[in-house]
Amino acid sequence: MKKMVVFNWKMNPGSKNEAKRLAEAVREAKKNSNFKVVICPPFVYLENLIKEFKEIEFGAQNCFWEEKGSFTGEISCKMLKNLGARFVILGHSERRRYFKETNEEIAKKTMSVIENKLIPIFCIGETLEERKKNLTKKVLKNQLLSSLKEVFNLKFKNFRLIVAYEPIWAIGIGRTCKVEDALETICYLKKILLDFLPLSSLLFFYGGSINSKNIFLFLKEKEIDGVLVGRASLKEKEIISMLS
Ligand code: PGA
């Protein structure tokens, strides 16, 4: 299976035209690439980009768990599915931190994503303090088990779950996790999940300050199926180098 590179544009860029330019750069770079590429733009650009860039796959950065109704400002998985999106990033540390998303809310979103036959990119990660106190494994295990309980009970097992290990102290500041530390953590997560889900349902990603200089160090590892890229996915030069 091809390794995956997921570009999380977060709340960028500022205009439809800039979004189109970035997607054009991805389309060009993708021609020479062995990776599968997914762009997760802000909601407002999704429809146009999906229509115009058929050779790229798209995802959303968030969703709500209800299908429809009086939920001002929210977007349902059904709406995303109908647009042609295939992935949804869930539980990103920025959403947990700035929007106070809880494990329980992330659990409901994850179920809704799976029930709508979309693929969750389920993010977990520890803070620097937690790491220093040697709490990394405990924190990650809790994030996994408290948000995925219902998923473990699903009768049908033919769904995909992407678990993205994103140490919070490595996001957005240029400090990457060592590959061997990411690997150790991913193996730990895999061991926990294999008690509940078949390996064929699971993919494991790393995210946090990935750029053209370090992307290959992570993607060459057998245990790492893909990466999530934030800042570097907004620079054309980086896009080209990362995908080449
Ligand atoms: P970054 O973001 O690449 O800018 O560190 C990664 C992420 O938030 O997924």
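Modeller: First, a definition. Ala, Val, Leu, Ile, Met, Phe, Trp, Tyr, Cys and Pro count as nonpolar, Asp, Glu, Lys and Arg as charged, and the others, Gly among them, as polar. Keep in mind that this model is predicted.

Biologist: How do the residues of the shell around the ligand divide by class?

Modeller: The shell holds 13 residues. Sort them with the rule above. The shell divides into five nonpolar, five polar and three charged residues.

Biologist: Which residues of those that surround the ligand are the closest?

Modeller: A residue counts here if one of its heavy atoms lies within 4 Å of the ligand. The closest are Lys10, His92, Glu166, Gly172 and Ser209.

Biologist: How far is a polar side-chain atom of Glu166 from an oxygen atom of the ligand?

Modeller: A polar contact needs N or O atoms within 3.5 Å. His92 brings a polar side-chain atom to 2.6 Å from a ligand oxygen. For the polar side-chain atom of Glu166, the distance to a ligand oxygen is 2.6 Å.

Biologist: Which part of Ser209 lies 2.8 Å from an oxygen atom of the ligand, backbone or side chain?

Modeller: Look at the atom in the pair. It is an N or O atom of Ser209, and it belongs to the backbone.

Biologist: How much of the ligand's accessible area does the protein cover?

Modeller: Take the ligand on its own, and its accessible area is 280 Å². Then add the protein. The share covered is 99%.

Biologist: Which pocket matches the space taken by the ligand?

Modeller: There are two pockets to compare here. One has a volume of about 670 Å³, and that is the largest pocket. The other has about 230 Å³ of space. The ligand takes the space of the second largest pocket.

Biologist: Which residues lie nearest the centre of the second largest pocket?

Modeller: Its lining has 19 residues. By class they are five nonpolar, nine polar and five charged. Nearest the centre are Ser209, Ile210, Gly230, Arg231 and Ala232.

Biologist: Which helix gives the largest share of the lining of the largest pocket?

Modeller: The lining of the largest pocket divides into 11 nonpolar, six polar and four charged residues. One element, covering residues 93–98, supplies five residues of the lining. That element is helix H4.

Biologist: Which strand supplies at least two residues of the lining of the largest cavity?

Modeller: This cavity holds about 30 Å³ of space. Its lining includes Cys123 and Ile124. These numbers fall within 119–124, the span of strand S5.

Key: Residues numbered from 1 in each chain as written. Predicted model: local features only at pLDDT ≥ 70, side-chain atom pairs only at ≥ 80, totals over all residues. Heavy atoms only, no water. Polar contact = N/O pair within 3.5 Å; in protein donor to acceptor, adjacent residues only side chain to side chain. Areas by Shrake-Rupley, 256 points an atom, 1.4 Å probe, with all protein chains shown as cover. 1 Å grid on protein atoms, 1.4 Å probe; cavity = no way out; pocket = protein on both sides within 12 Å on 5 of 7 lines; lining within 4 Å. Sits in = over half its atoms within 2 Å of the grid points. Points joined across faces, edges and corners; volume = space filled by probe spheres on them. Helix = DSSP H or I, 4+ residues; strand = E, 2+ residues; numbered from the N terminus.
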